[in-house]
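Hello,

Here is the structure I promised to pass on. Please have a look at it first, and then read my notes underneath.

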Amino acid sequence: MAFDPAEFPNLKTYTPTGDASDEYNCIAHACGHDDRWNWPGRHWPKGFGSSRSVRTFKNFLALHRFEQCGDGALEEGWEKVALYATGDTAQHAARQLNSGEWTSKMGHGIVITHPDVHSVEGPKYGKVVMYFRRKRTVTATPS
Amino acid sequence: MALNVMEPQGALQIPEALLAWLSPDAEEVRADEAEFDRLADQWHRETEFTSATDEIVCHPGYRRIIAMGEPAVPWILRDLRSNGGDWFDALEAITGESPVAGEDVGYPRRMKAAWFEWGKAHGYEA
């Protein structure tokens with residue numbers, strides 16, 4: 001299915017960087033995995049329940065060594081993730097690349113790189129509600 | 001001489017309407033399959049950009065497909081093979097089976113493999 005940027009009214013500039021896939025989703029991609037669907041009811045930690053609250057996703061990211069931080073500014077040595085939500089309902093996550101751009105796996109769709117973290121905000125994903133960071137490692141996350 | 005309507009001989013052509021009348025069940029199945037294709041296409045389009053499994057499996061078209069019951073199983077397996085997508089809850093709901101090993105839940109490639117294996121063992125071609 002072709003990617004239709006009209007679904008994302010703020011997405012003015014983007015680069016497709018990965019094929020559509022039903023084998024991983026945004027939160028898995030944000031954590032550096034391309035073989036799992038991280039969501040309540042799928043690949044999800046035991047005891048985390050089925051809530052899609054921002055707090056639940058904050059706890060999930062903490063399992064992957066992400067700590068909350070203040071913004072999405074590029075910081076040397078740190079890998080950042082932005083969590084998007086509508087109200088308190090988590091909708092999407094994007095990961096910052098070494099370049100300062102952001103990479104998003106669009107549901108079952110393609111992977112895109114977008115310069116502005118806010119450009120996938122809108123009716124589908126809501127707004128960025130929280131930023132997280134973890135130390136970059138040599139083996140880190142594929143770009 | 002008895003007339004075999006399923007295998008017309010020579011130039012004898014059986015009108016399609018007569019064939020449909022002779023096999024109303026097949027016609028009904030074709031209509032149901034066309035409805036499945038329409039609902040599945042709508043479901044793929046309207047859930048393409050979400051990661052939210054709960055939204056994906058609560059989509060109205062998805063629920064209507066579950067309500068189709070067992071006849072939809074081969075169509076779901078076909079769509080799973082050609083288009084992918086999270087058909088796992090629908091297959092479980094319809095068949096009452098859970099062929100995916102606990103440690104494989106959340107790994108779509110393994111989940112698909114388990115369902116294709118199940119389909120093969122139960123006589124479904126996908």
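Below is what I found, starting with the conventions and then going through the sheet, the helices and the interface.

This is a predicted model, in which local features need pLDDT of at least 70 and side-chain atom pairs count only at pLDDT 80 or more, while totals for chains, interfaces and linings use all residues. Residues are numbered from 1 along each chain as its sequence is written, and chains are lettered from A and ligands numbered from 1 in the order in which they are written.

Chain A first. Seven of its strands (DSSP runs of E, at least two residues, numbered from the N terminus) form an open antiparallel sheet in the order β1-β6-β5-β4-β3-β7-β2. Two strands pair here if DSSP finds at least two bridges between them. At the edges stand β1 (15-18) and β2 (67-69) of chain A, each with a single partner strand, so one side of each has no neighbour in the sheet. From one strand to the next, the twist averages 35° (axes are lines fitted to C-alpha atoms, and angles run from 0 to 180 degrees between N-to-C directions).

Some of the pairings in detail:

- β3 (residues 78-86) and β4 (residues 89-96) of chain A are joined by six bridges, and A:Leu83 stands opposite A:Ala93 in β4(A).
- β1(A) pairs with β6 (residues 111-114) of chain A over three bridges; the bridge partner of A:Thr15 in β6(A) is A:Thr113.
- β5 (residues 102-105) of chain A is linked to β6(A) by four bridges, with A:Ser104 partnered by A:Ile112. These two strands form a hairpin with five residues between them, and A:Gly107 in the turn has a positive phi of about 60°.

Now chain B, where helices are DSSP runs of H or I, at least four residues. In α6 (residues 88-95), the buried residues (20 or more other C-beta atoms within 10 Å of their own, C-beta atoms being placed from the backbone) are B:Phe88, B:Ala90 and B:Leu91. They cover an arc of only 165° around the axis, which puts them on the same side of α6(B); the arc is that of the directions from the helix axis to the C-beta atoms. Those residues pack against α4 (60-68), α5 (73-83) and α7 of chain B. After α6(B) comes B:Gly96, with a positive phi near 70°.

Finally, the interface: 17 residues of chain B are in contact with 23 residues of chain A, contact meaning C-beta atoms, placed from the backbone, within 7 Å.

Best wishes

Conventions
Two residues are in contact if their C-beta atoms, placed from the backbone, lie within 7 Å. A residue is buried if 20 or more other C-beta atoms lie within 10 Å of its own, exposed if 12 or fewer, and partly exposed in between; C-beta atoms are placed from the backbone.
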